[in-house]
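Please examine the sequence and the model shown here. The paragraphs that follow proceed from strand pairing to a pocket and then to a single loop residue.

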Amino acid sequence: MKIQDYLRRYWAVGMVVILWACAKDDPGTPAPPIVDEETSIEIPASNTVGALLLNKEKADNGYTLFTIDKNTYLINNCGQIINTWSSDYIDGKAVYLLEDGSILRGGILENTEVPYPGGGGIVEKINWDNQVTWSYTYSTSKVNLHHDFYPMPNGNVLLLAADKKTEAEAIQAGRDPANLTEGVLYNEQIVEVKPIGDTGGEILWEWNYWDHLVQDFDPARDNYGVVADHPELMDVNYLSEPTNADADWLHINSLQYNPVLDQILISCNGINEIHIIDHSTTTEEAGTNMGGLRGKGGSILYRWGNPEAYGQGNLADTRLYRHHYPTWIPPSYPDGGKIMLFNNGNGRPDGDYSSIDILDPPTTGPGEYSEPLNGPYGPDEVSWTYTNPDDPTLFYSRILSSGQRLPNGNTLVCEGLLGHFFEIDGEKQIVWQYKNPVKSTGEIMAQGDAPEGNLTFRAIKYPRSYAAFSGKDLFPSNPLELDFNIGNCED
């Protein structure tokens with residue numbers, strides 16, 4: 001993106017930015033700082049990356065975690081580094097900070113036999129002092145860990161993996177041969193692993209989309225039925241776009257776990273839907289439509305975003321467009337219990353722009369979702385949304401990205417393609433901004449450089465009361481960017 005585009009983007013959200021290129025014309029006369037009158041923080045006008053771009057008192061005073069290339073960073077609101085973790089592996093997208101101060105981080109292993117987009121293959125636990133205490137490889141000629149995983153309260157880890165099916169297996173499952181352009185088809189599976197030793201793990205539970213398919217293409221093949229009569233199943237022939245006949249037809253890009261409901265929330269990016277499934281089943285029950293707390297086995301309990309996918313709508317009814325990171329908002333937070341996600345907006349009919357959306361699934365009880373009668377799952381519309389207030393197209397990331405509700409009601413946004421993190425308050429005003437100064441190659445930019453190549457999968461903010469910080473040295477060190485200038489900002 002051109003530097004002029006960055007100026008327009010920042011101006012649109014109410015910032016004043018002086019182009020670094022202008023500063024180069026007279027290096028002996030630096031631009032005067034901008035004073036944030038709300039906090040009396042001097043904001044260097046020539047800043048282009050890192051901090052400070054904006055930092056107001058209303059910003060949640062937590063620590064923000066993100067990973068890029070082989071490093072993971074924890075920063076404060078001044079952009080100063082609180083801790084850094086390093087790995088031998090390029091990031092496999094997701095990272096989580098655990099209560100003991102360790103991170104759980106994905107890494108990329110080359111797998112030419114399952115070359116899944118967003119592939120990872122290995123997950124590592126690295127303690128606060130940057131020592132690997134556990135690593136687990138889930139990458140074979142048939143399966144490959146990708147995108148996301150989730151640390152469970154019991155110490156186990158949920159892994160998301162692609163499972164390669166042959167052309168013959170796909171056809172037997174009812175897939176239209178015309179939609180097998182790569183000769184294989186990927187099932188998506190979730191496995192629960194109990195860590196053992198330094199590199200071991202025992203798979204205790206497993207769930208597969210392959211066990212919950214329906215098709216109306218070939219009555220001589222498996223899973224034949226009326227798609228519209230089975231919203232609890234996935235139509236093995238549904239394509240969100242007529243040309244989207246890739247092996248990666250589902251493209252799951254995240255999973256989250258709710259320990260109160262014992263349910264898993266899945267981001268089905270390729271179908272433009274979110275799905276919720278029951279985790280309380282046994283592995284055997286997970287392969288059927290019976291068993292578990294909800295009595296429905298591993299069937300889809302709830303889905304939302306694209307009712308055309310189960311024969312209860314058309315293209316005009318689509319609400320999600322290549323979304324990322326659906327999460328349950330913690331019960332004690334504003335909008336607690338609802339689902340927040342980053343709606344990328346790639347292919348949105350009224351133009352390409354992103355939004356942060358909150359939806360409130362209709363329920364008849366905790367974890368009991370209202371089943372539609374000859375129609376789509378509710379709600380009809382989201383209950384809260386954020387777009388750029390001046391011009392929606394100025395906020396857009398066609399891939400990656402995340403949105404996170406914070407304890408004080410603010411929302412942290414990662415505009416992933418631009419490596420742009422910003423926080424909005426309850427009035428949807430931007431109160432904190434940060435530009436990731438690290439390129440995906442690991443190269444660190446200097447303050448004043450035009451940001452480029454700093455795409456970031458996700459950013460998560462943790463409150464200072466989080467158990468991970470107890471007893472740790474939290475004295476901030478220098479910011480990430482070279483030639484940094486954070487004015488008079490203090491942690």
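In what order do the four strands of the open sheet lie, and is their pairing parallel or antiparallel? The order is 6-5-4-31, and the pairing is antiparallel. The model is a predicted one, in which local features need pLDDT of at least 70 and side-chain atom pairs count only at pLDDT 80 or more, whereas totals for chains, interfaces and linings use all residues. Residues are numbered from 1 along each chain as its sequence is written, and side-chain values use heavy atoms, with hydrogens and water left out.

Strands here are DSSP runs (E, at least two residues), numbered from the N terminus, and two strands pair if DSSP finds at least two bridges between them. At the edges of the open sheet are strand 6 (81–86) and strand 31 (460–462), each of which pairs on one side only. From one strand to the next the twist averages 20°, where axes are lines fitted to C-alpha atoms and angles run from 0 to 180 degrees between N-to-C directions. Strand 31 runs antiparallel to strand 4 (residues 63–68), to which three bridges join it; T64 has K461 as its bridge partner in strand 31.

A second antiparallel pair consists of strand 9 (residues 121–126) and strand 10 (residues 132–137), joined by five bridges. V123 has Y136 of strand 10 as its bridge partner. Strands 9 and 10 form a hairpin with five residues between them, and N130 in the turn has a positive phi of about 70°.

Strand 31 also supplies at least two residues of the lining of the largest pocket, as do strand 7 (91–97), strand 11 (143–151) and strand 17 (252–258), among others. A pocket is an open set of points on a 1 Å grid over the protein atoms alone where a 1.4 Å probe fits, with protein on both sides within 12 Å along at least five of seven lines; lining residues have an atom within 4 Å of a point. The volume of the largest pocket, meaning the space filled by probe spheres set on the points, is about 1500 Å³. Of its 47 lining residues, Y150, Q256, Y257, P259 and P330 are the closest to the centre. The lining has 31 nonpolar, 10 polar and six charged residues.

Finally, N272 lies in the loop between strand 18 (263–268) and strand 19 (273–278). N272 counts as buried because its relative accessibility is 9%, and buried means under 20% relative accessible area with a 1.4 Å probe and protein chains only. Beyond its neighbours within four places in sequence, N272 is in contact (heavy atoms within 4.5 Å) with residues including S240, W304, N306 and R322.

Definitions and conventions
Nonpolar A, V, L, I, M, F, W, Y, C, P; charged D, E, K, R; others polar. Buried < 20%, exposed > 50% of the residue type's maximum accessible area, 1.4 Å probe, protein only.
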